[in-house]
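User: I would like to learn how to read a fold from its coordinates, step by step. Could you take me through the general idea of each feature and then show me the case at hand?

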Amino acid sequence: MQQTTFTVRPVATIESPLGPGAQTPRQGDEGAPQAWVAFNAEVADAVRDLRAGQDVLLLTWLERADRTVLTVHPRSDPERPLTGVFSTRSPARPNPVGLHRVTILEIADGPRMRVSGLEAWDGTPVIDVKPVLDPHTER
């Protein structure tokens, strides 16, 4: 396999009450608190058409994840068989990209957006935002 290096820059940072030691939900629909996404000034124009009520996909870089893990017990349940991480939502994986479907609650100056359904820790870098497309909508 050819070795290639990629440069990924954060476009925002998560501001959340969740962090190490906190009771973090495994998925956003399992009691995740509201959080803020604080965008870097240089990407402010990219935020301008996002709207409250819209669902978006946040891609995060889970920098504290163990990148050497290739198999896990799903949901950390030792009763479940070891499963390859590409078949799970585990944060531990070779490239720890997090995928979070969230609902925008508010767009504020800064630029910042308040979201629901985000289970990422405070300080987690956001590497991209993509709209959830309605099957009848083209973008």
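Analyst: What follows goes from the strands to the core and then to single residues, and it should be kept in mind throughout that this is a predicted model.

User: Let us begin with the sheet: in what order do the strands close into a barrel?

Analyst: The general idea is that strands of a sheet pair through backbone hydrogen bonds, either parallel or antiparallel. Here six strands close into a barrel in the order β1-β2-β7-β6-β3-β8, and the pairing is antiparallel. Neighbouring strands of this sheet are turned against each other by 45° on average, with direction ignored.

User: How many bridges join β1 to β2, and how many join β2 to β7?

Analyst: β1 and β2 run antiparallel and are joined by four bridges; within this pair, Ile 14 has Val 37 in β2 as its bridge partner. β2 and β7, also antiparallel, are joined by four bridges, and there Trp 36 is partnered with Arg 114 of β7. On the next pair in the barrel order, β6 and β7 are antiparallel over five bridges, with Glu 106 standing opposite Arg 114 in β7.

User: Which residue in the turn between β6 and β7 has a positive phi?

Analyst: That residue is Gly 110, with a phi of about 140°, in a hairpin that leaves three residues between β6 and β7. Gly 110 counts as exposed because its relative accessible area is 60%, where the cut-off is over 50%. Although Gly 110 and Asn 40 are 70 residues apart in sequence, their C-alpha atoms are 8.5 Å apart in space.

User: Which side chains of β7 are buried, and which are not?

Analyst: The side chains along β7 alternate, so that reading the strand residue by residue separates two faces: Met 113 and Val 115 point to one face and are buried, whereas Arg 112, Arg 114 and Ser 116 point to the other and are not.

User: Which residues touch the most other members of the largest nonpolar core?

Analyst: In soluble globular proteins, nonpolar side chains tend to be buried together. The largest nonpolar core here has 19 residues, and those touching the most other members are Val 37, Phe 39, Val 56, Leu 58, Met 113, Leu 118 and Val 126. The elements giving two or more residues to this core are β1 (12-15), β2 (35-39), β3 (55-61), β6 (97-108), β7 (112-116) and β8 (125-131), and β2 gives the most, with three residues. As one case, Phe 39 has contacts that, beyond its neighbours within four places in sequence, include Val 11, Ala 12, Val 47, Gly 110, Pro 111, Met 113 and Val 129.

User: Turning to polar residues, why does Thr 88 count as buried, and what does its side chain reach?

Analyst: Thr 88 counts as buried because its relative accessibility is 13%, against a cut-off of under 20%. Thr 88 lies in the loop between β5 (83-84) and β6, and its side chain reaches the backbone nitrogen of Ser 90 at 3.1 Å. Leaving out residues up to four places away in sequence, Thr 88 touches Val 72, Pro 74, Thr 83 and Arg 93.

User: And where is Gln 54 placed, and is it buried or exposed?

Analyst: Gln 54 is in the loop between α1 (44-47) and β3, and Gln 54 is buried, with a relative accessible area of 14%. The side chain of Gln 54 reaches the backbone nitrogen of Arg 51 at 3.0 Å.

Definitions and conventions
Residues numbered from 1 in each chain as written. Predicted model: local features only at pLDDT ≥ 70, side-chain atom pairs only at ≥ 80, totals over all residues. Heavy atoms only, no water. Core = buried A, V, L, I, M, F, W, Y, C linked by side-chain atoms within 4.5 Å. Buried < 20%, exposed > 50% of the residue type's maximum accessible area, 1.4 Å probe, protein only. Contact = heavy atoms within 4.5 Å. Pairing = 2+ DSSP bridges. Axes fitted to C-alpha atoms, helices over the stretch in contact; angles between N-to-C directions. Polar contact = N/O pair within 3.5 Å; in protein donor to acceptor, adjacent residues only side chain to side chain.
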